[in-house]
Amino acid sequence: MAAGGNRAAEHGGRCRRVKRLITPLALSQTAPAWSWLAPAAAWLALAVLTRGSISGTDALVFLLLLFPAVMAAVHHAEVIAVKVGEPFGTLVLALAVTVIEGALIITLMLAKPGGSQELLRDTVYATVMIILTGVVGLCITSGAARHHVQRFGLYGVSAANTAIATLAVLVLVLPVFTTSSASGTFTLSQLVLVGCACLVLWLLFIFVQTVRHRHYFLPEEGGEEDHVGSHQVSGRQLLLAIVLLFSCLGAVVLLAKALSNPLSEVIRATGAPLSAVGVVIATIVLLPESVAALRAARANRLQTSLNLALGSAMATIGLTVPLIVGLSLVFKWNLVLGLDPKAITLLALTLLVSSISLGTGRTTVLQGSVHMVIFVIFLFTSFFP
């Protein structure tokens, strides 16, 4: 009887592992028509937008074209993830979005250098808050609602949380309390030091995640066996998925940029501050990562979901900040990084709650709901300060 039970348990484990592979492997066999038609439609809409101005109402219509492109990006990212395995798979989408997001910030700052002093601050703050409260909260809540209690590797998540808290405080809070320059800014030497610290911590995090302590970031159940079918994705399919992924992400980000001015008009009409535009744009840019993380959580792969979410926050600060700091030295940009008291309070609350809720190795629907409440407060106060 014991032997029969062991065989049944082993068979059940194999079935669960195969089931986890069914969706990505089926998707990887070919590029469905919708997965390349969606970015093609987004690029066509972008071409239409560049030919003339549109009203705020028309902008909302064009905004709907972003969502199929987002879903296509998630599809191609899953194909790549199946091929490269964990935790490398979760880095693909995070790094791709971060690189394109950095390019978007650079483009906007080059276009309006005098009026973009707070752009880096607003983008980094909005991204960190959206990920740590909205994305993480939604993943935990939806996963727990479906699977009750979900578990993840405590050491990897704890390491990511520690690094994110340090970087967020150094970049967004410390400038408010330095006295060698105007409030909210760094001196040249301070700016260089903080930029180097961000890059060094991100590189160390990637080294720990992919080399030294890779097992901390692997799912506890199944581990690398979750990717035993990676050989079924050919090199040609992998190359096609990479090209289409960047095509989707490029369309999403450039459409978001093109729609920023019409959306600004809509936001001004509601009486909300102009900084709320940054929240809207950051939300759109983070949609591919958010959808991928949510799908992983609902499939009971919370470790993969948290790897993607926290890795995105790390990449946003660890890569974008040093890049913009370096360019600010070349183009003589005056960067304002310090947050106002309201934002500092919400950021401190978010970092505290994240350290507690993700400090036990398991999550319930209550923890996710707390994150979601903070996210709602963040959104509301962004539009109605």
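At what angle do helix α6 and helix α14 pack, and how far apart are their axes? I started my notebook with that pair, working on a predicted model.

**Entry: α6 against α14**

I looked up the two helices and found that α6 spans residues 119–147 and α14 spans residues 341–357. They pack at an angle of about 35 degrees, and their axes are 10 Å apart. I noted the handedness too: α6 passes α14 in a left-handed crossing.

Next I listed who meets whom. From α6 come Y125, V128, M129, L132 and T133. Facing them in α14 are A343, L346, L347, T350, L351 and S354. I sorted the residues of this contact by class and got eight nonpolar, three polar and no charged.

**Entry: the whole protein**

I stepped back for the overall picture. The protein has 15 helices and two strands. Of its 385 residues, 51% are buried. I also checked how far along the chain the contacts reach. Taking contacts between residues at least 6 apart in sequence, 84% join residues at least 24 apart.

**Entry: α14 and α7**

L351 had caught my eye in the α6 contact, and I met L351 again when I looked at V169. V169 lies in helix α7, and its contacts beyond four places in sequence are L174 and L351. V169 and L351 are 182 residues apart along the chain, yet their C-alpha atoms are separated by 9.6 Å.

Is V169 buried or exposed? Neither label fits: V169 is partly exposed, because its relative accessibility is 36%, between the 20% and 50% cut-offs.

I then went to I344, which sits in helix α14. Leaving out residues up to four places away, I344 touches V173, V176 and L339. I took the C-alpha separation of I344 and V176 as well: 9.8 Å, for residues 168 apart along the chain. I344 counts as buried because its relative accessible area is 18%, and the limit for buried is under 20%.

**Entry: the second largest cavity**

How many cavities of 30 Å³ or more are there? I counted two. I opened the second largest one, which holds about 30 Å³ of space. Its lining is made of G156, V157, A160, F205, F217, L306, N307, L310 and G311. Two elements give two or more residues to that lining, namely α7 (154–177) and α13. The largest share, four residues, comes from α13. By class I wrote down six nonpolar, three polar and no charged residues for this lining.

**Entry: Q303 in α13**

I stayed with α13, which runs over residues 302–331 and holds Q303. Which residues does Q303 contact, setting aside neighbours within four places in sequence? My list reads F152, G153, V157, Y216, F217, L218 and P219. Two names on it were already in my notes, as V157 and F217 also line the second largest cavity. Q303 is buried, since its relative accessible area is 3%, against a limit of under 20%.

**Entry: two positive phi values**

I turned to the loops on either side of α13. Where is N300? I placed N300 in the loop between α12 (287–298) and α13. Its phi is near 65 degrees, a positive value in a residue other than glycine. That was worth a line in the notebook because most residues other than glycine have a negative phi. N300 is partly exposed, with a relative accessible area of 42%.

K332 is in the loop between α13 and α14. Phi of K332 is near 60 degrees, again positive in a residue that is not glycine. K332 counts as exposed because its relative accessibility is 70%, and exposed starts over 50%.

**Entry: C248 in α9**

My last stop was C248, found in helix α9 (residues 235–258). How many residues along the chain lie between C248 and M71, and what separates their C-alpha atoms? They are 177 residues apart along the chain, with 9.0 Å between the C-alpha atoms. Beyond the neighbours within four places in sequence, C248 is in contact with S35, P39, A69, A72, A73 and H76. I recorded C248 as buried, since its relative accessibility is 0%.

How values were computed
Residues numbered from 1 in each chain as written. Predicted model: local features only at pLDDT ≥ 70, side-chain atom pairs only at ≥ 80, totals over all residues. Heavy atoms only, no water. Buried < 20%, exposed > 50% of the residue type's maximum accessible area, 1.4 Å probe, protein only. Contact = heavy atoms within 4.5 Å. 1 Å grid on protein atoms, 1.4 Å probe; cavity = no way out; pocket = protein on both sides within 12 Å on 5 of 7 lines; lining within 4 Å. Points joined across faces, edges and corners; volume = space filled by probe spheres on them. Nonpolar A, V, L, I, M, F, W, Y, C, P; charged D, E, K, R; others polar. Axes fitted to C-alpha atoms, helices over the stretch in contact; angles between N-to-C directions. Left-handed = near helix turned anticlockwise from the far one by under 90°.
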